[in-house]
Amino acid sequence: MTDMKEVFSIPGVEHSDRKQEQLTGYMEEILRLNESVNLTAITDRREFIQKHYADSLLCAELDEFRSAGTVIDVGTGGGFPGVPLAIAFPEKRFTLIDSLNKRIKIVNELCEKLGIANVTAIHGRAEELARKKELRETFDLCVSRAVANMSTLAEYCLPFVKTGGSFIAYKGPDCDDEVRQAQRAIELLGGRLTGDVRPGGEDMPFDHRLIIIQKEKNTPSKFPRKAGRPTKEPLR
């Protein structure tokens, strides 16, 4: 995938000139600012379109995404997958969180500059933000491409999801053992594993599989644990 127009060949993603302009503008700004702030290791534009845009939009055809009105992106980094999804689906509301304030400031500034009006980016750790009344169990969907063990990621993400909502984790192609070992943690947190989507089939032209978790009951109030513990001591 080497052309921005090809992003719109992904099932569920409709083309418009404005969306294409915003995607192009965001990419150019991220690559420019990346010289002073670490936002991405990918600097080739063709690779950027494939690994940041096309990859981020892989969930677009899933029922869990299509039915969601409010979405939170945990560990968004330079704005992925949240910003591409927000550009492609301006009717949905997106909240992006990250623990590095420099990145959050850039995401907010670029969204304002490019007229991406359905994004709010918040600085903070997931363990702390998930305890705020206005954020806890208020979202229809959580998405995350954050690099973390599945048990840890579930503890970061599921507390944000309302009962009946979903969590979609973008995981590497060899995540079977990791997902299996996270089953108890997912259940403790109120979730149930309901899907494992391999975009493009077994040939895996994309970097990620989409692990889908349904939120069936409220997350116990003791989760997430204090900052650092979900990483150091993943639930088993």
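This note goes through a predicted model, taking in turn its largest pocket, a buried arginine, a pair of cysteines and a buried leucine.

1. The largest pocket has a volume of about 780 Å³, and its lining comprises 32 residues. Those that lie nearest the centre of the pocket are Gly 75, Asp 98, Arg 145, Ala 146 and Val 147.

2. Several secondary-structure elements contribute to that lining, with at least two residues coming from each of the helices α2 (45–56), α6 (126–129) and α7 (150–157), and likewise from each of the strands β2 (93–98) and β5 (161–171). By residue class, the lining of the largest pocket is made up of 13 polar, 11 nonpolar and 8 charged residues.

3. Arg 225 deserves a separate look. This residue is in the loop that runs between β7 (209–215) and α10 (229–232), and it is classed as buried because its relative accessible area, 12%, falls under the 20% cut-off. The side chain of Arg 225 has a polar contact, at 2.8 Å, with the side chain of Glu 155, while a polar atom of the Arg 225 side chain also lies 2.7 Å from the backbone oxygen of Glu 233.

4. The wider surroundings of Arg 225, leaving out residues up to four places away in sequence, consist of Glu 127, Glu 155, Pro 230, Glu 233, Pro 234 and Leu 235, each of which Arg 225 touches.

5. On the cysteines, a search of the whole structure returns 0 disulfides, and one pair is worth checking by eye. The sulfur of Cys 142 has its closest cysteine sulfur in Cys 157, at 3.6 Å, which is too far for a bond because a disulfide requires the two sulfur atoms to be within 2.5 Å. The relation holds from the other side, the closest cysteine sulfur to that of Cys 157 being the one in Cys 142. Cys 142 is buried, at 0% relative accessibility, and Cys 157 is likewise buried, at 0%.

6. Leu 158 sits in the loop between α7 and β5, and with a relative accessible area of 0% this leucine counts as buried. Beyond its neighbours within four places in sequence, Leu 158 is in contact with Phe 167, Ile 186, Leu 189, Gly 191, Ile 213, Lys 215 and Thr 219. For Ile 186, which is 28 residues from Leu 158 along the chain, the separation between the two C-alpha atoms is 8.2 Å.

Conventions
Residues numbered from 1 in each chain as written. Predicted model: local features only at pLDDT ≥ 70, side-chain atom pairs only at ≥ 80, totals over all residues. Heavy atoms only, no water. 1 Å grid on protein atoms, 1.4 Å probe; cavity = no way out; pocket = protein on both sides within 12 Å on 5 of 7 lines; lining within 4 Å. Points joined across faces, edges and corners; volume = space filled by probe spheres on them. Helix = DSSP H or I, 4+ residues; strand = E, 2+ residues; numbered from the N terminus. Nonpolar A, V, L, I, M, F, W, Y, C, P; charged D, E, K, R; others polar. Buried < 20%, exposed > 50% of the residue type's maximum accessible area, 1.4 Å probe, protein only. Polar contact = N/O pair within 3.5 Å; in protein donor to acceptor, adjacent residues only side chain to side chain. Contact = heavy atoms within 4.5 Å.
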